[in-house]
Amino acid sequence: MCRTGPAAAHAAAALAQWLTALRRRSRLSHRRMSVLLAEHGRSVTHTTLWRAEQGTGLPRWPTVEAFVAVCGGDVRHAARLWTAAARGRCRPGCHTPHRAPVRRPLPLVTEPAHLLQAMRGARSTAGEPTLRAMADRHAVADSAVSHLPRSTLHDILSGRRMPTLAQLRRFLQACDTPPADFPAWEAAWRRVTSPSARPR
């Protein structure tokens, strides 16, 4: 049986304590947080927000991100705490089958490989739509031409080319990513493509 090691448990507890302190400073109840998030197009129940503070398990990153955003906290700091807890969920030598490796939260995406992993994760979350289906979402009316061709999607998802910002937006639309999440994706894209991020 797979068990969480002491370091991971400590990291999860640290995250929970930080979230609790953040919410108390914001003076928001879990119900009020849920209402505010709904007003911005993000559906997170008050029960889910409450559980994120309990430290009994690792909450999903989108939940933590929403929690921190509505309370006005530091999303990058939250991402570091969450990543530390997520990386150590199993002790060394554990051979229990797991899902794909934990994806890096968008605020910590700084390299092309990070962005590629995040895009693959978004497609997985959408149920692994085929490249044809994704291309068809952006087909030009009354033609076989797409603003996001399958060949382009294949090159992007195989790491052969970096998407343009317009291609990234179309990709996210094809994955039914909530529009409220687009700014975080666009910020990640800009970090990855900025001159300072390129190897010298």
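**Exercise 1. Which residues of α2 are buried?** Find them in the predicted model, and then work out how they are arranged around the helix.

*Solution.* Begin with the residues themselves: in α2 of this predicted model, the buried positions are His-30, Met-33, Ser-34, Leu-36 and Leu-37. The next step is to look down the helix axis, where these buried residues of α2 fall within an arc of 165 degrees, so they line one face of the helix. This can be set beside a general property of the α-helix, which has 3.6 residues a turn, so that residues three or four places apart point the same way. Now turn to the other side of α2, where the face directed away from the buried side carries the exposed residues Arg-31 and Glu-39. The last step is to identify the partners: the buried residues of α2 pack against α1, α3 (46–52) and α4. Following the chain beyond α2 leads to Gly-41, which has a positive phi near 80 degrees.

**Exercise 2. Describe how α4 packs against α1 and against α2, giving for each pair the angle, the distance between the axes and the contact residues.**

*Solution.* Two packed helices are described by the angle between their axes and the distance between the axes. Take α1 (residues 6–26) and α4 (residues 61–71) to begin with: they pack at an angle of about 30 degrees, and their axes are 9 Å apart. Because angles under 35 degrees count as roughly parallel, α1 and α4 are therefore roughly parallel to each other. The crossing of these two helices, α1 and α4, is left-handed. On the side of α1, the contact is made by Leu-15, Trp-18, Leu-19, Leu-22, Arg-23 and Ser-26, while α4 contributes Val-64, Phe-67, Val-68 and Cys-71. Sorted by class, the residues of this contact of α1 with α4 comprise 8 nonpolar, 1 polar and 1 charged.

The second pair is α2 (residues 30–39) with α4, which pack at an angle of about 95 degrees with their axes 10 Å apart. That angle makes α2 roughly perpendicular to α4. Here the contact involves Met-33, Leu-36 and Leu-37 of α2 together with Ala-66, Phe-67, Val-70 and Cys-71 of α4. In this contact of α2 with α4 there are 7 nonpolar residues, with no polar and no charged ones.

**Exercise 3. Is Arg-23 buried or exposed, and which residues does Arg-23 touch?**

*Solution.* Arg-23 is located in helix α1, where it takes part in the contact with α4. Its relative accessibility is 16%, and the cut-off for a buried residue is under 20%, so Arg-23 counts as buried. When residues up to four places away in sequence are left out, Arg-23 touches Leu-28, Ser-29, His-30, Met-33, Glu-53, Phe-67 and Cys-71. Among these partners, His-30 and Met-33 are buried residues of α2, and Phe-67 and Cys-71 belong to the α4 side of the contact with α1.

**Exercise 4. Trace the surroundings of Leu-148 and of helix α8, starting from where Leu-148 is found.**

*Solution.* Leu-148 is found in the loop between α7 and α8, and at 0% relative accessibility it counts as buried. Setting aside neighbours within four places in sequence, Leu-148 is in contact with Ala-135, His-138, Leu-153, Gln-167, Arg-170 and Phe-171. One of these partners, Gln-167, is 19 residues away in sequence, with a C-alpha to C-alpha distance of 6.7 Å from Leu-148. Another, Leu-153, is among the buried residues of α8 (residues 150–157), which are Thr-152, Leu-153, Ile-156 and Leu-157. These four cover an arc of only 120 degrees around the axis, which puts them on the same side of α8. The buried residues of α8 pack against α6 (112–125), α7 (131–136) and α9 (165–174). Just after α8 comes Gly-159, with a positive phi of about 80 degrees.

**Exercise 5. Where do Arg-27 and Glu-128 lie, and how accessible are they?**

*Solution.* Most residues other than glycine have a negative phi. Arg-27, in the loop between α1 and α2, nevertheless has a positive phi near 60 degrees, and with a relative accessible area of 77% it is exposed. Glu-128, in the loop between α6 and α7, has a positive phi of about 55 degrees, and at 44% relative accessibility it counts as partly exposed.

Definitions and conventions:
Residues numbered from 1 in each chain as written. Predicted model: local features only at pLDDT ≥ 70, side-chain atom pairs only at ≥ 80, totals over all residues. Heavy atoms only, no water. Axes fitted to C-alpha atoms, helices over the stretch in contact; angles between N-to-C directions. Parallel < 35°, antiparallel > 145°, perpendicular 65-115°, else oblique. Left-handed = near helix turned anticlockwise from the far one by under 90°. Contact = heavy atoms within 4.5 Å. Nonpolar A, V, L, I, M, F, W, Y, C, P; charged D, E, K, R; others polar. Buried < 20%, exposed > 50% of the residue type's maximum accessible area, 1.4 Å probe, protein only. Arc of directions from axis to C-beta.
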